[in-house]
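Here is a quick walk through one protein model, meant to be read with the structure open beside you. Grab your viewer and follow along.

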Amino acid sequence: SQTSKDPALQGSIDWAAANGFYVGAWGSNIDYGPGVDGDIEVDLYAGFASETEAGLGWDVGLVWYVYPGADDIDDYPELYLGLSYEWFEFKQWYSNDLYGTDEDAFYTEGNASFELPKGFGLNLHLGYNYGDAFDDTEYMDYSIGVAYTLGNFDLELKWVDNDLSNGDFLYTRDDVFNSEGRVIFGVSTTFPWGGEE
């Protein structure tokens with residue numbers, strides 16, 4: 001929906017210390033339509049992550065969303081707090097200035113991952129968008145995907161959708177910000193291959 005229904009090429013680089021502190025950057029191509037001159041999004045982030053002896057993981061940090069070369073897209077920050085245990089992860093996001101609108105926004109999500117026979121995996125996601133920035137249309141998004149690791153590559157085929165209806169503020173069938181449900185196929189890999197990360 002942020003590439004006008006075209007494919008997205010994305011990459012990230014990360015560094016983590018032994019005490020749980022980490023920093024990184026993630027980038028993707030974007031296409032917000034002919035009225036917006038930016039074509040790249042870069043997310044800069046830093047945080048702390050660790051796990052208790054009982055297996056409860058936690059992750060807290062800050063993301064700064066940057067749009068290089070885009071005069072009509074404002075950069076903005078977002079805080080996050082995540083908790084995980086075994087197959088389940090909960091994550092809470094908050095921005096006081098979503099897309100530079102001076103309006104706050106919250107995103108609450110839950111993710112679950114299960115192992116399936118023959119090396120396959122099942123990934124489930126449910127998220128909810130709310131806050132002042134979504135006064136016109138608070139909405140839920142969800143996905144279900146099947147994953148498989150083939151050599152050095154992680155493959156996933158998933159269905160992504162939401163509960164927006166025709167007539168809602170954020171609902172559109174146009175190419176730009178299309179909010180219809182769809183099937184997405186993704187291929188990812190992590191370097192170095194066969195070495196320590």
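What follows is an informal tour of strands, rings, a core, a few loops and some backbone oddities.

Keep in mind that this is a predicted model.

**The strands**

Let's start with the pairing around β4. Strand β3 (residues 40–51) and strand β4 (residues 56–66) run antiparallel and are joined by ten bridges. If you want a landmark in that pair, look for Ser-50, which stands opposite Trp-58 in β4. The hairpin of β3 and β4 has four residues between the strands, and Gly-55 there takes a positive phi near 95°.

On to the next partner: β4 is also joined to strand β5 (residues 76–85), again by ten bridges and again antiparallel. Here Val-60 has Leu-81 in β5 as its bridge partner.

**The core**

Which residues touch the most other members of the largest nonpolar core? They are Val-63, Tyr-65, Tyr-67, Ile-73 and Trp-93, out of the 19 residues in that core. Two or more residues come from each of β4, β5 and β7 (105–115). In soluble globular proteins, nonpolar side chains tend to be buried together.

Tyr-65 is worth a click. Leaving out residues up to four places away in sequence, Tyr-65 touches Glu-41, Val-42, Asp-43, Asp-75, Tyr-76, Glu-78 and Trp-93. Trp-93 and Tyr-65 are both on the list of core residues that touch the most other members.

**The rings**

Aromatics come up a lot here: a search of the whole structure finds 15 aromatic pairs. Two of them are set out below.

| Pair | Type | Centre to centre | Angle between planes |
|---|---|---|---|
| Tyr-80 and Trp-93 | tilted | 5.1 Å | 45° |
| Trp-87 and Phe-88 | edge-to-face | 6.0 Å | 70° |

The Tyr-80 and Trp-93 pair links distant parts of the chain, with Tyr-80 in strand β5 and Trp-93 in strand β6, 13 residues apart. Are these two rings buried or exposed? Both Tyr-80 and Trp-93 are buried. Tyr-80 has a charged companion too: the charged end of Lys-91 sits over the ring of Tyr-80, 4.8 Å from its centre.

The other pair in the table has a different setting. Trp-87 counts as partly exposed because its relative accessibility is 46%, and Phe-88 counts as partly exposed because its value is 36%. Elsewhere, Tyr-94, Phe-106, Tyr-128 and Tyr-130 form one aromatic cluster.

**Around Ser-95**

Now zoom in on Ser-95, which is found in strand β6 (residues 88–95). Why does Ser-95 count as buried? Its relative accessible area is 0%, so Ser-95 falls under the 20% cut-off. Its side chain has polar company all the same. A polar atom of the Ser-95 side chain lies 2.7 Å from the backbone oxygen of Pro-77, and a polar atom of that side chain lies 3.2 Å from the backbone nitrogen of Asp-97. Setting aside neighbours within four places in sequence, Ser-95 is in contact with Tyr-76, Pro-77, Glu-78, Glu-103, Asp-104 and Ala-105.

**The loop between β6 and β7**

One of those contacts, Asp-104, is found in the loop between β6 and β7. Not counting residues up to four places away in sequence, Asp-104 touches Tyr-94, Ser-95, Asn-96, Gly-131, Asp-132 and Ala-133. A polar atom of the Asp-104 side chain also lies 3.1 Å from the backbone nitrogen of Asp-132. For a sense of scale, the C-alpha atoms of Asp-104 and Leu-83 are separated by 22 Å, with their positions 21 residues apart along the chain.

Asp-102 has its place in the loop between β6 and β7 as well. The phi of Asp-102 is near 65°, a positive value in a residue other than glycine. Asp-102 is exposed because its relative accessible area is 66%.

**Other backbone oddities**

Ser-4, in the segment before β1 (10–16), is a residue other than glycine with a positive phi, near 55°. Ser-4 counts as buried because its relative accessibility is 11%.

Last stop: a cis peptide bond joins Phe-191 and Pro-192, with omega about 0°. Pro-192 has its place in the segment after β11 (182–189).

Conventions: Residues are numbered from 1 along each chain as its sequence is written. This is a predicted model: local features need pLDDT of at least 70, side-chain atom pairs count only at pLDDT 80 or more; totals for chains, interfaces and linings use all residues. Side-chain values use heavy atoms; hydrogens and water are left out. Buried means under 20% relative accessible area, exposed over 50%, partly exposed in between (1.4 Å probe, protein chains only). A polar contact is a pair of N or O atoms within 3.5 Å; within protein, one must be able to donate a hydrogen and the other to accept it, and residues adjacent in sequence count only if both atoms are side-chain atoms. Contact means heavy atoms within 4.5 Å. Two strands pair if DSSP finds at least two bridges between them. Rings of Phe, Tyr and Trp (its six-membered ring) pair if their centres lie within 6.5 Å; planes under 30 degrees apart count as stacked, over 60 as edge-to-face and the rest as tilted. A charge sits over a ring if NZ of Lys or CZ of Arg is within 6 Å of the ring centre and within 35 degrees of the ring normal. A nonpolar core is a set of buried Ala, Val, Leu, Ile, Met, Phe, Trp, Tyr and Cys residues joined through side-chain atoms within 4.5 Å.
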